[in-house]
Amino acid sequence: ASGETSAGRAAVLTVGAEKGSNTLRKTLTFSQAFTYDAPVLKASFDASNTYRKGNGPATGGTTITLQGENFGAQGYSSHIAVGGTTAQSVAWTSDTELLVRVSPGIGSNRDLTISVVGRVGTLAAQFDFDPPTLTATVGYNGPATGGSLLTFFGINFGVVDFTSVAKVGVKMCAKTEWTSDSSVGCTLADGVGKDMPAGLSLLSATTTLSGAFS
């Protein structure tokens, strides 16, 4: 007989001996006597079943197929993380395939990590969240002393505040305030110039819009 542990299985040995009409039995248990192979992630596929690096919007919801080995002969509550964030859902298909719905996030070259009953496997740099894109601004004009509010509109700014940095021209905003995945507010610093470009940086990604402020 045997019993499962997080590291593998514990071996149980029962020894019997006869003495007259009586049978004496002794049970010995060896903890952590056996370990199953760790899960291995080998490839990810997009919704069109094309083998390529995954990508999707910062709002999440993208479905990817992960292939590999040692996922288990049945669903063992596999835990999948994309860039350290737990996936919205994981559907076991077979010992070699899982369907994963990605949670919201930002950034590129995110690692995919799988954990099955304490055993961990990683596929490095296999998912990119779409970069921020600035499409419009509201609040075109303001005084040289600063203090005006310029609102940036676009997509993929993040579903929570990921500490984006906004600027107008070459100057950072005196204050950058995240509002939503599609809106960020900028309290302008002092400055001069005409038809100044607006820019927004999020991690290593930057988006700009020309002629946003004067």
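**Reading contacts, strands and a disulfide**

User: Which residues does S44 touch, if those up to four places away in sequence are not counted?

Analyst: A contact here means heavy atoms within 4.5 Å. With residues up to four places away in sequence set aside, S44 touches T50, Y51, R52, K53, G54, T65, L66, L112, L123 and Q126. Please keep in mind that this is a predicted model, in which local features need pLDDT of at least 70 and side-chain atom pairs count only at pLDDT 80 or more, while totals for chains, interfaces and linings use all residues. Residues are numbered from 1 along each chain as its sequence is written, and side-chain values use heavy atoms, with hydrogens and water left out.

User: Is S44 buried or exposed, and in which strand does S44 lie?

Analyst: Burial is read from relative accessible area (buried under 20%, exposed over 50%, partly exposed in between, with a 1.4 Å probe and protein chains only). S44 has a relative accessible area of 1%, and therefore counts as buried. S44 belongs to strand β4, which covers residues 40-45. Across the chain of 214 residues, 33% count as buried.

User: How many helices and strands does the chain have?

Analyst: Both are DSSP runs numbered from the N terminus, helices being H or I with at least four residues and strands E with at least two. By that count the chain has zero helices and 20 strands. Taking contacts between residues at least 6 apart in sequence, 55% join residues that are at least 24 apart.

User: What is the strand order of the open sheet that includes β4?

Analyst: Strands of a sheet pair through backbone hydrogen bonds, either parallel or antiparallel. Two strands count as paired if DSSP finds at least two bridges between them. The sheet has four strands in the order β4-β6-β10-β9, and the pairing is antiparallel. Its edges are β4 and β9 (89-94), each of which has a single partner strand, so one side of each is left without a neighbour in the sheet. At the β9 side, β9 and β10 pair in the antiparallel sense over five bridges, and W92 stands opposite L98 in β10.

User: What is the order in the open sheet that includes β18?

Analyst: Here the order is β13-β14-β18-β17, again an open sheet of four strands with antiparallel pairing. The edge positions belong to β13 (133-138) and β17, each with a single partner strand, so one side of each has no neighbour in the sheet. As for β18, strand β14 (residues 149-155) pairs with β18 in the antiparallel sense over five bridges, and the bridge partner of L149 is T187 in β18. Five bridges also join β17 to β18, which run antiparallel. In this pairing W178 stands opposite V184 of β18, and the two strands, β17 and β18, form a hairpin with two residues between them.

User: How many disulfides does the rule give, and which residues form the link?

Analyst: The rule asks for a pair of cysteine sulfur atoms within 2.5 Å. It yields one disulfide, formed by C173 and C186, whose sulfur atoms are 1.9 Å apart. The angle about the S-S bond is -95°, and the link of C173 and C186 is left-handed. The pair links distant parts of the chain, 13 residues apart, with C173 in the loop between β16 (171-172) and β17 (175-180) and C186 in strand β18 (residues 183-187). Both C173 and C186 are buried.

User: How many aromatic pairs does the structure hold?

Analyst: Rings of Phe, Tyr and Trp (its six-membered ring) pair if their centres lie within 6.5 Å, and planes under 30 degrees apart count as stacked, over 60 as edge-to-face and the rest as tilted. The structure holds one such pair. It is formed by F127 and F129, which are edge-to-face at 5.0 Å centre to centre, with 70° between the planes. F127 counts as buried because its relative accessibility is 0%, and F129 counts as buried at 6%.

User: Where does G107 lie, and which residues does G107 touch beyond those up to four places away in sequence?

Analyst: G107 sits in the loop between β10 (97-101) and β11 (110-116). Leaving aside residues up to four places away in sequence, G107 touches D128, F129 and L203. G107 and F127 are 20 residues apart in sequence, and their C-alpha atoms are 8.8 Å apart in space.
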